[in-house]
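Work through the exercises below with the model open in a viewer. Try each task before reading its solution.

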Amino acid sequence: MAYDEELAERIRDLIDPGLDMTEKKMFGGLAFMISGNMAVAASGQGGLLVRVDPAQGATMIDDETVTPMTMGGREMVGWLRVTGTPIRDDATLREWVDRGVDYARSLPAKR
């Protein structure tokens, strides 16, 4: 399954153009990188992938619309999959994108 291009466009519109943002196709989705660090992605499996502080990620999981991201059967600590209503609602999507961008900005830049 290809990533949702409409979701990718909505994400693109929410990220401040003044940031060092790049896009990269990976794992069947489209990742949005801030200074070389992944922040969010329109997933090839559907929904939004969001990078969060690993120490806080578990508190955001509701097991319905927000679940741990898994890859190869392994849970990826610090990554969440967001689906359903939170990504259909513009204000809530903005909150999730901002979380990912803010966390990526807190990391050392990659070059």
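Three exercises follow, each with a worked solution.

This is a predicted model, in which local features need pLDDT of at least 70, side-chain atom pairs count only at pLDDT 80 or more, and totals for chains, interfaces and linings use all residues. Residues are numbered from 1 along each chain as its sequence is written, and side-chain values use heavy atoms, with hydrogens and water left out.

**Exercise 1.** Determine how helix H1 and helix H4 cross.

Step 1. Locate H1 at residues 5-14 and H4 at residues 90-106. Helices are DSSP runs of H or I with at least four residues, strands runs of E with at least two, numbered from the N terminus.

Step 2. The two axes come within 10 Å and cross at roughly 65 degrees. H1 is therefore roughly perpendicular to H4 (65 to 115 degrees).

Step 3. List the contacts (heavy atoms within 4.5 Å): Leu7, Arg10, Ile11 and Leu14 of H1 meet Asp90, Leu93, Arg94 and Val97 of H4. By class, this contact has five nonpolar, no polar and three charged residues.

**Exercise 2.** Find which strands stand at the edges of the sheet.

Step 1. Read the order of the open six-stranded sheet, E1-E2-E3-E4-E6-E5, with antiparallel pairing.

Step 2. E1 (21-26) and E5 (66-71) each have a single partner strand, so one side of each lacks a neighbour in the sheet.

**Exercise 3.** Is Asn37 buried or exposed?

Step 1. Find Asn37 in strand E3, residues 37-42.

Step 2. Its relative accessible area is 2%, so Asn37 is buried (under 20%; exposed is over 50%).

Step 3. Leaving out residues up to four places away in sequence, Asn37 touches residues including Phe32, Arg51 and Leu107.

Key: Axes are lines fitted to C-alpha atoms, for helices over the stretch in contact, and angles run from 0 to 180 degrees between N-to-C directions. Angles under 35 degrees count as roughly parallel, over 145 as roughly antiparallel, 65 to 115 as roughly perpendicular and the rest as oblique. Ala, Val, Leu, Ile, Met, Phe, Trp, Tyr, Cys and Pro count as nonpolar, Asp, Glu, Lys and Arg as charged, and the others, Gly among them, as polar. Buried means under 20% relative accessible area, exposed over 50%, partly exposed in between (1.4 Å probe, protein chains only). Two strands pair if DSSP finds at least two bridges between them.
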